[in-house]
Each structure stands twice: as C-alpha cells, then as structure tokens.
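This report introduces a protein model to a reader who has not met it before. The sequence and structure are shown first, and the description follows.

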Amino acid sequence: MDLFKTDREKTTILIRLVVAIVFLSEGIQKFIWAELRGAGRFERIGIPFPEFNGYFVGGLEVFCGLLILAGFLTRFAAVPLIFIMLTALFTTKLPILLGTGFWGFSLRELEHYGLLSMLHESRNDLAMLAGSIFLFIKGGGYWSADLIRFGSYEKPGKPSSP
C-alpha cells in the first residue's frame with residue numbers, strides 16, 4: 001500500500017468532514033476552556049503531566065484535523081487521532097465498564113456502570129476511532145490534496161490517474 005496515494009471515492013469526503021470538524025473543534029476547546037476540556041479534565045481523569053498533555057493533545061487534534069479537512073497526508077494525520085481515541089477509551093471508558101478506577105485513572109459518577117453504560121458513553125469516541133481507521137485505510141478520497149499531489153492507487157479494472 002502506498003501511504004501517500006488515495007482511492008478515488010467521492011463519498012470519503014463525508015467521513016473526512018465529520019472527523020476533521022470533531023477533532024478540530026475538540027482541539028480548539030482544549031485551549032479555550034483548558035480547565036473544562038484540556039489540562040483540568042486530564043488532571044481529573046488521572047492522566048500524567050496534565051498541563052503538557054492537554055495542550056499537546058489539543059495541538060495534535062487541531063493540526064491533524066486541519067490536515068484531514070484538506071485531505072493532505074490523510075493517512076499520516078489519522079494515526080495520532082487513532083492513538084488519541086484509544087487512549088480516551090482506555091482512560092475514561094474502561095473504568096465505566098469495570099465500575100471502578102484503575103492505574104490512577106478515575107471513575108466519574110454515573111447512574112449505571114457496565115457494558116451498556118460504557119457503550120453509551122463511548123459512542124463519540126468509537127465513531128471517531130472508526131472514522132480515523134477508515135481514513136487510514138482509504139486515504140483522503142476524490143476531493144483531497146492527496147489525490148491532486150500523489151494520485152490514486154489502482155483498483156482492479158480501474159486505471160490510476162487523478
């Protein structure tokens with residue numbers, strides 16, 4: 001697989017837009033409302049070095065969100081977002097599944113704990129994880145800087161040209 005080339009699907013723009021807008025807005029909020037969404041939240045969760053990590057993750061979300069919005073280096077931009085979502089699931093949703101905090105990660109107060117509660121609370125995280133994995137596999141699609149700059153990979157029976 002050529003990591004720079006993309007497919008020619010026009011519908012990929014839908015996933016790109018959703019993933020980009022969500023990560024871009026969440027990243028910006030980590031700077032604007034650091035106590036609520038960034039360093040303060042990271043500290044409450046139990047993430048080490050919350051000040052550094054809050055701004056680092058926020059910066060990654062903004063930068064990678066912009067790359068995905070443009071469809072430029074889409075696969076490379078998706079990788080940090082995949083790790084961010086896996087970390088979010090591990091640090092905030094796994095305690096809900098278990099019904100207890102662990103390894104210093106806290107459990108927030110909810111009415112219910114267990115599988116259904118965890119799935120409910122993780123719906124956005126799971127959607128962003130799936131969208132990021134999709135973009136890593138497929139690339140930026142038809143309306144992307146990747147297609148303009150690097151071209152498309154061939155599908156059986158289809159010629160490869162931008």
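In the largest pocket of this predicted model, the lining residues divide into 18 nonpolar, six polar and eleven charged. The lining comprises 35 residues in total, and the space within the pocket amounts to about 870 Å³.

Several helices take part in this lining. At least two residues each come from α1 (12-32), α2 (34-37), α3 (39-45), α4 (50-70), α5 (74-98) and α7 (123-138). Helix α5 gives the most, with eleven residues.

Nearest the centre of the largest pocket lie R41, A88, T92, K93 and D125. Of these, T92 merits a closer description. T92 belongs to helix α5. Is T92 buried or exposed? Its relative accessibility is 12%, and because buried means under 20%, T92 counts as buried.

Two polar pairings that involve the side chain of T92 are listed below.

| Atoms or groups paired | Distance |
|---|---|
| Backbone oxygen of A88 and a polar atom of the T92 side chain | 2.5 Å |
| Side chain of T92 and side chain of K93 | 2.9 Å |

Which residues does T92 contact when its neighbours within four places in sequence are left aside? These are R41, I45 and D125. Two of the names, R41 and D125, also appear among the residues nearest the centre of the largest pocket, as do A88 and K93, the partners of T92 in the table.

Methods: Residues are numbered from 1 along each chain as its sequence is written. This is a predicted model: local features need pLDDT of at least 70, side-chain atom pairs count only at pLDDT 80 or more; totals for chains, interfaces and linings use all residues. Side-chain values use heavy atoms; hydrogens and water are left out. On a 1 Å grid over the protein atoms alone, a cavity is a set of points where a 1.4 Å probe fits but cannot get out, and a pocket is an open set with protein on both sides within 12 Å along at least five of seven lines; lining residues have an atom within 4 Å of a point. Grid points are joined across faces, edges and corners, and a volume is the space filled by probe spheres set on the points. Helices (H or I, at least four residues) and strands (E, at least two) are DSSP runs, numbered from the N terminus. Ala, Val, Leu, Ile, Met, Phe, Trp, Tyr, Cys and Pro count as nonpolar, Asp, Glu, Lys and Arg as charged, and the others, Gly among them, as polar. Buried means under 20% relative accessible area, exposed over 50%, partly exposed in between (1.4 Å probe, protein chains only). A polar contact is a pair of N or O atoms within 3.5 Å; within protein, one must be able to donate a hydrogen and the other to accept it, and residues adjacent in sequence count only if both atoms are side-chain atoms. Contact means heavy atoms within 4.5 Å.
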